[in-house]
Amino acid sequence: MLKSFLEGLDGLTLECEARRGQACSLKDLEALRVEFLGRKGKLAAGMGALAQMGPEDKPAAGKKANEVKNALTALLESRQAELEAEAAQDALAGFDPSLPGRRPAAGSLHPVTLAMQEICEVLTGLGFEVVAGPEVENDWNNFEALNMPPDHPARDMQDTLYVSDTVLLRTHTSPLQVRTMLSRKPPVAVIAPGKVYRRDSDITHTPMFHQIEGLLVDKNVSMADLRGTLTAFVRQLFSADTKVRFRPSFFPFTEPSAEVDISCMLCGGEGHVAGEPCRVCKKTGWVEILGCGMVDPNVFRSVGYDPEAYTGFAFGLGVERVAMLKYGIGDLRMFFENDVRFLEQFS
Amino acid sequence: MHISLQWLREFVPFQGTVQELAERLTMQGLEVEAIIDPFEAIASIVVGHVLECADHPDSDHLHVCSVDVGGPEVLQIVCGAPNVAKGQKVPVALIGTTMPGGMQIKKGKLRGVASHGMICSERELGLSEDHEGIMVLPETFAPGKLLVDALGLEREVIEVSITPNRADCLSVLGIARETALGFGLPLTMPALNLKEDASAGDANTVVRIDIADGELCPVYRARALTGVKIAKSPDWMRYRLIAIGQRPISNIVDVTNYILMELGQPLHAFDNKLLKGGVIRVAPATPDQQDGQSITTLDGQERKLLASDLLIWDGERPVALAGVMGGANSSVSDETTEVLLECAIFRPGTIRKTARRLALPSEASYRFERGVDQVGSLFALERAAQLMAEVSGARVLTGIAMAEPKPWAERSHGFRIDRCNALLGLSLTPEFCKTTLTGLGCTVDDSNAANWRVTSPPHRLDLEREVDLFEECGRVHGLDRIPAVLPRISKSLDSVQMRDTEFGFLQRLKAWAVGAGLREAINYSFVGTDDLDRLNLPVEGRITIANPLSEDQNVLRTEIAPGLLNNVRHNLAQGNASLRLFEVAKAFVEDTTSDTGARENSRLGMLVHGARHSQEWPWEQGEADYLDVKGLVENLLAHLRLGPASFILEPAHPYLEPCVRVEVAAKSGVRLVGRMGRVQPKIADAYHARKDIWLADMDADLLRELSRATKPSFKSLPKFPPVRRDVTVICPATLHAEAIEAAVLEIKPKNLESLALVAVYAPEGPADGKGERNLTFRLTYRHADRTLVDKEVDKEHGKVLSGLPQKLPVRI
Ligand SMILES: [Zn+2]
């Protein structure tokens, strides 16, 4: 009796081993588990014979029954792991990594703002602080205090949009020099970014554009300081090997005055790219980028600074020009059309 | 300013290349903008020798010529000019030449006879207006030689940009001085060889000079010439004028232009027979109150005069607008035989005012405005009189009629070399500075080594102060040789600013907007009156531009919207249908209390239009609506720590409908921080928008002020779990969610922590104000110190359920 009991239990293991492969889903496998290990399953049925066995056979039979139960459980569990691995595999097969993501709307800064922020960042890093002021200005702040009396030919350099005889749209950010110096004592180290306006509109001029003005006033400021500041500035803004050239020029509010050229970033100052004339610098190897000079003593006088005690430098540059050079924008007018196909290029 | 190198070399023996000259002048502050070949257009024209000239068999005016152009073959050229003849030397345009007018010379047939080129007239070559016949060249010219070489035409002209301070450089002489200085060369003035003719009389018996005010006209000189024969100027003078872009007119006028270009002194030639009363008077215009006063200038235009205009009068009437333009009543004509040649100096500001007001800029006024060398003017007069005599056969009367109420006064300035070096950041030696200043024409007294006395030359009106001399030393040494040194920037504690400066805050707003998925636009601050009218914006308070470039740029924006709406139009025209834009810019309104008459207010404008998402998939599709623009505003306020905000429907707005006021509770009270809404469809139509345009216009200055007053403040996190209960309210669609929320709060259920709208369902479609809708609110209850039990929450929530229908026309 014991022998046939033991054989029956072994048969269960063999049967389960043979059939578990046919369970193709977790549901099938559950049915199989119930068939073998359920309360009314095959193992339980087999165990019914245990009660009629003599006490000498019971330990061996019990031990065997336990072994078979463990074996069956292990068989079914291993099949379950197989099925779960298969299911995971199937789920991955349906995963398409190439579908477009659910993208939040993308914003972007205008290229003028991008260039302006970069310029301001470099200059504030050098120790300048940012000031702001009105765009509608008085003639006095915009011209007279800057050594441009009425009927002075230097006023021809800047065609002006007037609101009235004495009020105008600022033609440069330089009135902020005046406003700043009137409101504080030296030392002064400020930059003034902002919109400026000229009565001028053609392929290379828009009636509104952006400038950044810099002003440093202290004891013993020299033109070498100016050159150092601008050299550091353009190196950070463009590249570490950018060369700076000072050309004497004229601005009513600085003396001496200079135009600053930098070595062309496209052709590296060679004037040619692959044998073709460079379109950025027009073969000269230099690109005009800003105007600068030592603050004219007359400007100091008009704001109540003593020109014998203080010297200073000032510089100004056009932001659109920097943006055009840095981002390779060819047409100035695109800046103010705000075509989104243009704007999104500066994300 | 165009400068011919041939001409320049008459003053200074510069032997280098034009490129070397251009480079040096540029680095001396005289920017050479271009190097020009003025006769490039006729550079390929050759000298031809007419070997034979026969009549055309089929024409009564054409000739068939055999022309030797130096090549192996003699060319057959058909020519229609009446003056062509055998044996002439003529200019020939060969096949393939492009003429100055753009015409291309091709092989062709004229009435059946082949022609291999063209014999040219002076007009065809741009050398004069003469087209009576072909240009006949001197017999000595060799066939085949280039015409430009045979005629010795100028091939190198530099275009120099002269800054307003360098009036002295508006002439060949001025550039020659700078060339001499730059290359260490001597300067040679042309030899003066004026022959006065005593038999012709004395100028002082012909005319007397009378100057009313020496400030307006410090000196006036005149020479008289008789026996003038008006004719074409000699070739050399005409070619020289053409080379620098001046049009030759006649010998007398050409000489005045020649001297103006050569020496920088404007001159005027009167027909002396037309002047009356034997006097030249320099005095302002005298317009009377009733009739005013006017003068007809030599261009035939009648000019209304003001008392600020300076005139030249004869014994009876004005004969010229001083320094600007001569009068028609006394100008030189082909019949002129007597000339009175004026050489004067006028006050720059006066000339500038008149020339600008009358929009009459001329080479003369340009120089007078900037200042002319009073001492040098005498030489200019003498040289001009000499040239006039030479080119017109005139005899020059003895003497100069003149008045000089304000002779040139020498000006001297201190010069401290230490200060010069400190300003420039250089270590220039006294020797260098002295050589430089002397080279500029200054006289230097260095008896006091620390503080020299420097007298500037009369042609350098810009050397007015010590610092101007510093600049000269730096310029000649080379500003480019100044070393680069980084300054130590010292600051005072006063200059330390709060964070969120005006500039900084606006940059922060921009950064937020980019994060919120908006693209930055930048528009002109001015728009057209039409742009504001279209939005029904008030006319009062607008700031208009007195001299706008165009009608669509004649008024400053009073709000941010007009620019953004123009961007909608532009983008829709380009096929960009989905727009999410922002702009940070100022709006301008009249304000009499401001020192500029304007109040400038920074605004943040946001605009959404069209599809909410740029992707068709996987986002659910939808058009931007109120909740999109409101979401942006709410997100912004949260970003700036502002709130709670109220959103109040405004009964009427010029261009938005609906329009919602955004108000924020602050310490200073409830503040209006902006408005938002939908652009009225009729107005949106004008911008070609078929879909709704939703727009928010926020006061950036106020946002900055309010935001600066807030700071993050920490609250401990809750320790005990919340209990949530939903309530769905069925209410008329006209009842706002806000009213229900307020009613719940009024009931004051105990331990209510928060209240949020979680679902809106309108069974009868979109709310049109008539139907009903269901609003589901989620109420969160929580106790700070213990876990709430269901029973006590049920009790409080029950108050809400029973209370709401009593307060509002709603069902639960
Ligand atoms: Zn280049």
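# Exercises on a predicted two-chain model

I77(B) sits in strand 5 of chain B. Before we start: this is a predicted model, where local features need pLDDT of at least 70, side-chain atom pairs count only at pLDDT 80 or more, and totals for chains, interfaces and linings use all residues. Residues are numbered from 1 along each chain as its sequence is written, chains are lettered from A and ligands numbered from 1 in the order in which they are written, and side-chain values use heavy atoms, with hydrogens and water left out.

## Exercise 1: I77(B) and its sheet

Task: work out whether I77(B) is buried or exposed, and describe the sheet around strand 5 of chain B.

Step 1. Start with the accessibility. I77(B) has a relative accessible area of 0%, so it is buried (buried means under 20% relative accessible area, exposed over 50%, partly exposed in between, with a 1.4 Å probe and protein chains only).

Step 2. List the contacts, meaning heavy atoms within 4.5 Å. Leaving aside neighbours within four places in sequence, I77(B) touches residues including V64(B), V67(B), V92(B), M118(B) and I119(B).

Step 3. Now the sheet. Strands are DSSP runs of E, at least two residues long, and helices are runs of H or I, at least four, all numbered from the N terminus. In chain B, 5 strands make an open, antiparallel sheet in the order 5-4-3-6-9; two strands pair if DSSP finds at least two bridges between them.

Step 4. Look at the edges. Strand 5 (74–79) and strand 9 (118–119) of chain B each have a single partner strand, so one side of each is left without a neighbour in the sheet.

Step 5. Check the partner. Strand 4 (residues 63–68) of chain B pairs with strand 5 of chain B over 6 bridges in the antiparallel sense, and V64(B) stands opposite V78(B).

## Exercise 2: domains and distances

Task: say how each chain is divided into domains.

Step 1. Chain A has domain 1 (2–93) and domain 2 (111–346); the bounds come from an automatic or database domain assignment. Taken over C-alpha atoms, the centres of these two domains of chain A are 88 Å apart.

Step 2. Chain B has domain 1 (2–38 + 155–183), domain 2 (40–150), domain 3 (198–403), domain 4 (411–478), domain 5 (502–707) and domain 6 (723–807). The C-alpha centres of domain 1 and domain 5 of chain B are separated by 54 Å.

Step 3. For a residue-level distance, take I77(B) and S802(B): 725 residues apart in sequence, 114 Å apart in space, C-alpha to C-alpha.

## Exercise 3: where the chains meet

Task: describe the contact between chain A and chain B.

Step 1. Count residues: 98 come from chain A and 86 from chain B.

Step 2. Get the area. About 7700 Å² is buried between chain A and chain B, with carbon and sulfur atoms giving 56% (buried area is the accessible area, 1.4 Å probe, that two parts lose on being put together, summed over both). D151(A), P248(A) and E255(A) supply 8% of what chain A buries against chain B, more than any other three residues.

Step 3. Add the charges. There are 6 salt bridges between the two chains, a salt bridge being a side-chain nitrogen of Lys or Arg within 4 Å of a carboxyl oxygen of Asp or Glu. One of them joins R227(A) to D480(B), with the closest N and O atoms 3.1 Å apart.

Step 4. Follow F246(A), whose contacts beyond four places in sequence include R227(A), M27(B), L479(B) and D480(B).

## Exercise 4: salt bridges within a chain

Task: compare where two salt-bridge pairs sit, E82(A) with R79(A) and E382(B) with R223(B).

Step 1. E82(A) and R79(A) meet at 2.7 Å, N to O. Both lie in helix 4 (residues 58–93) of chain A, 3 residues apart, about one turn of the helix.

Step 2. Check exposure: E82(A) is partly exposed at 36% relative accessible area, whereas R79(A) is buried at 8%.

Step 3. E382(B) and R223(B) meet at 2.6 Å, N to O. This pair links distant parts of the chain, with E382(B) in helix 10 (residues 377–392) and R223(B) in strand 12 (residues 219–226) of chain B, 159 residues apart. Both residues are buried.
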